[in-house]
Each structure stands twice: as structure tokens, then as C-alpha cells.
Amino acid sequence: AVKQTLLKVAQKTAEGVYLESDSRMQVAQNLASNDFVIQVVSPYEEDKPSSYFPPLNKTLLRDWLNKYRSIDSSNPTLIELFDAEKRLLLSTDSSQSEPFLITDIPAGFKKPAFNDFEVGLDEKSIQASIIAPIISPSTGTLIGYLSMKSDITPILAYAMGQSLRTLSPKDTQDIYQMVYVSEDIVLTIAGSFSPESAKDEEFQLVKIPTHPELEAALLKHPESATHSIPRYILEKENALLAYQSVIDLSLSDFTIYVLVYRPSSNVYSSLNKSLLLLALGCSIFVLILCINAYRDVHNNIVRPVSL
């Protein structure tokens, strides 16, 4: 029952991570489909029916994109436009941009996806880039790419159970982690929170060693599973855990998992208490029976014989 509860929690959390990530990808796709962007990127005259900007007027478009950054809820830190040959056409901050898009784009790329993760300039936040295809309305062909970088620390904090930190200790016995799996690389990430605050800026990621039994489980059951792993917590304490993959997020061949575990001592503590109380009750009951038996023997046998 505990394992199934943990699995449901992991599934719900993974669903929340996916929904928030998907909404950000849709923001990037909507921006890539904007008439302003298409007019500047497209080499086809049919895609330029209006005169929003003179051809490749980077200053006006950059100003518009920066204004868009300031009002969008995902707070993009960088927006870049590339042509079909992956050459940089425009960036809201050229000091952060490379002249070419170095990401490998698969054939038939038609929907946005995450393509890069890095530590932010403040060395506290985690930045993720989303790349979206820019499609010509007139020809239906790929004419360029839009890359949007934003801070995903709030998403990661949610995945680490930050929203539950305001609950009482009794309701927060589950611990959340994330696992990154790419070919022969397996990374386990834990969240570190300030005990005084639940704000995003107090949240930090901490890399911890991946338990060998967890690695084996991920290879055997790559989507979701429940397990009981000995010495999982700091290589000392046993734990019951469940994990769920978050799918369809990235161009790269890697998988991200939401993992939830509960120390075995917490799981069995109530059971141990119940067994202790039961044993104590049985002992008292046996003691009462012994006293009654002694009294019966004394009154009915020993005393008459002595008289």
C-alpha cells in the first residue's frame, strides 16, 4: 500500500512537471509562429504580406522581443532566431549567443523541445533552452529556429516537493528527488532548502551518488516502478521508493524521472508500536491468567490439603 501511494505521488508530480514544461514549449512555439518573427526570418516574399518591419530590421525586432520577455510569465532570459542553416540572425543579448546553433536537429523536426540545460549566470538558478521550428506559412517548409532560454528552478523546486514544505512534519515524510538518465550516465539530484524559507531563491540542487540498485531498476523498468532498497539513504537507512518518467520533453536521448521515497523506519514505526503494544497487552493478559490460576490452585487444592 505504501509503495502504491508513493507511485501515485510520483506520477502526479511528474504530470505537473510535464504540464508546466509543455506550457513553456507552447510559448516558444507561439512566438516562433508570430508574424513578426516569420517576416524577418523567412526568405519567401509570400511570407511578408505586411510591413511590420523593414527586412531584417534587427533593432525593432529585438526591442519587440525584449518587451515580450518582460511580460511573459515564464520570464525568458534570452531569445534567439536562427535561419534554416542554423546561422544566428538575432539575439536579445548577443553577449550570450553563439554564431551558430550547435544543437543536432533530427530530421522532420516539427514541435518544440528542450535542448540544453545549464547553470545560470548567478550560479544559483538552472537555465533551460527550448528550441521551436519556424515554419513558412506559404510553403510549409522549415525556414529557421527560435531558441528561448528561461529559468526552470521553480519547476525543479516543485518536483522536489517544495510546495509541501509548509505542511507539518507528519505530512512531509516523503522525500523527492530527480534522476537524469542518458545512455551510460545516471545522475541523482536532490533539493536543498533553507529551513527558514520556502522561497525559490532558497532552493538549490545537490548531486548525490546514485544507488546501484536504483540504476539496475531504471534499466529494467524504464518508465515507472516501485522498489524497496536497503541502505538507500546516505548508505545507512533502508527506503521504499517509486519513480515515474517525464516523457516528450527533449531533443536529446535522455530521460528525466521524478522519484519519491520514504524511510523504512517511518513506514514500520507505527507497525512496530502496534506490535509492542500488542506484546505488552498479551504479557499482561498472560500474567493475569497466571495469577488467577495460582489463586485457584491455592484455594481449591493447596489449602484444603493443608487443613
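Q: Buried means under 20% relative accessible area. What percentage of the residues in the protein chain is buried?
A: This is a predicted model, and in it 38% of the 307 residues in the protein chain are buried. The chain also has an outside: its accessible surface comes to about 17900 Å², and 56% of that belongs to carbon and sulfur atoms.

Q: Why is Ile143 called buried?
A: Let's set the value against the cut-off. Ile143 has 4% relative accessibility, and buried means under 20%, so Ile143 counts as buried. You can find Ile143 in strand 5, which covers residues 142–151.

Q: Which residues does Ile143 touch, leaving out those up to four places away in sequence?
A: Contact means heavy atoms within 4.5 Å. The partners of Ile143 include Ile38, Val41, Pro43, Tyr44, Phe82, Asp83 and Ile134. With Tyr44, the two C-alpha atoms are 9.3 Å apart in space, while 99 residues separate the pair in sequence.

Q: What makes Glu20 and Arg24 a salt bridge?
A: Here is the idea first: side chains of opposite charge can pair when their charged atoms come close. The cut-off is a side-chain nitrogen of Lys or Arg within 4 Å of a carboxyl oxygen of Asp or Glu. For Glu20 and Arg24 the N to O distance is 3.3 Å, so the pair fits the 4 Å limit. Both sit in helix 1, and because they are four residues apart, about one helical turn separates them.

Q: How do you know whether Arg24 is buried or exposed?
A: Look at its relative accessible area, which is 6%. Buried means under 20%, so Arg24 is buried. Its partner Glu20 has 35% relative accessibility and therefore counts as partly exposed, a class that lies between 20% and 50%.

Q: What makes Asp83 and Arg87 a salt bridge?
A: The closest N and O atoms of Asp83 and Arg87 are 2.8 Å apart, so the pair meets the limit of 4 Å. Asp83 is buried, because its relative accessible area is 11%, under the 20% cut-off. Arg87, at 43%, counts as partly exposed.

Q: What makes Glu118 and Lys149 a salt bridge?
A: Their side chains meet with an N to O distance of 2.7 Å, and this is within 4 Å, so the name applies. The pair links distant parts of the chain, with Glu118 in strand 3 and Lys149 in strand 5, 31 residues apart. Lys149 has 9% relative accessibility and so counts as buried, whereas Glu118, with 32%, is partly exposed.

Q: How many salt bridges does the structure hold?
A: There are four, and the three pairs above are among them.

Q: Why is Leu289 called partly exposed?
A: Its relative accessibility is 45%. Partly exposed lies between the 20% and 50% cut-offs, so Leu289 fits that class. Leu289 belongs to helix 6, residues 264–306. Together with Phe285 and Val286, Leu289 forms a nonpolar patch on the surface, with about 290 Å² of accessible area for the three together.

Q: What lines the largest pocket?
A: Parts of several elements do: helix 1, strand 3, helix 4, strand 6 and strand 7 each supply at least two residues. Strand 3 gives the largest share, six residues. The space in this pocket is about 580 Å³. Of its 24 lining residues, the closest to the centre are Phe117, Ile126, Ile152, Tyr180 and Ile256.

Technical notes: Residues numbered from 1 in each chain as written. Predicted model: local features only at pLDDT ≥ 70, side-chain atom pairs only at ≥ 80, totals over all residues. Heavy atoms only, no water. Patch = residues over 30% accessible without salt bridge, like charges linked within 9 Å, V, L, I, M, F, W, Y side chains within 5 Å. Areas by Shrake-Rupley, 256 points an atom, 1.4 Å probe, with all protein chains shown as cover. Buried < 20%, exposed > 50% of the residue type's maximum accessible area, 1.4 Å probe, protein only. 1 Å grid on protein atoms, 1.4 Å probe; cavity = no way out; pocket = protein on both sides within 12 Å on 5 of 7 lines; lining within 4 Å. Points joined across faces, edges and corners; volume = space filled by probe spheres on them.
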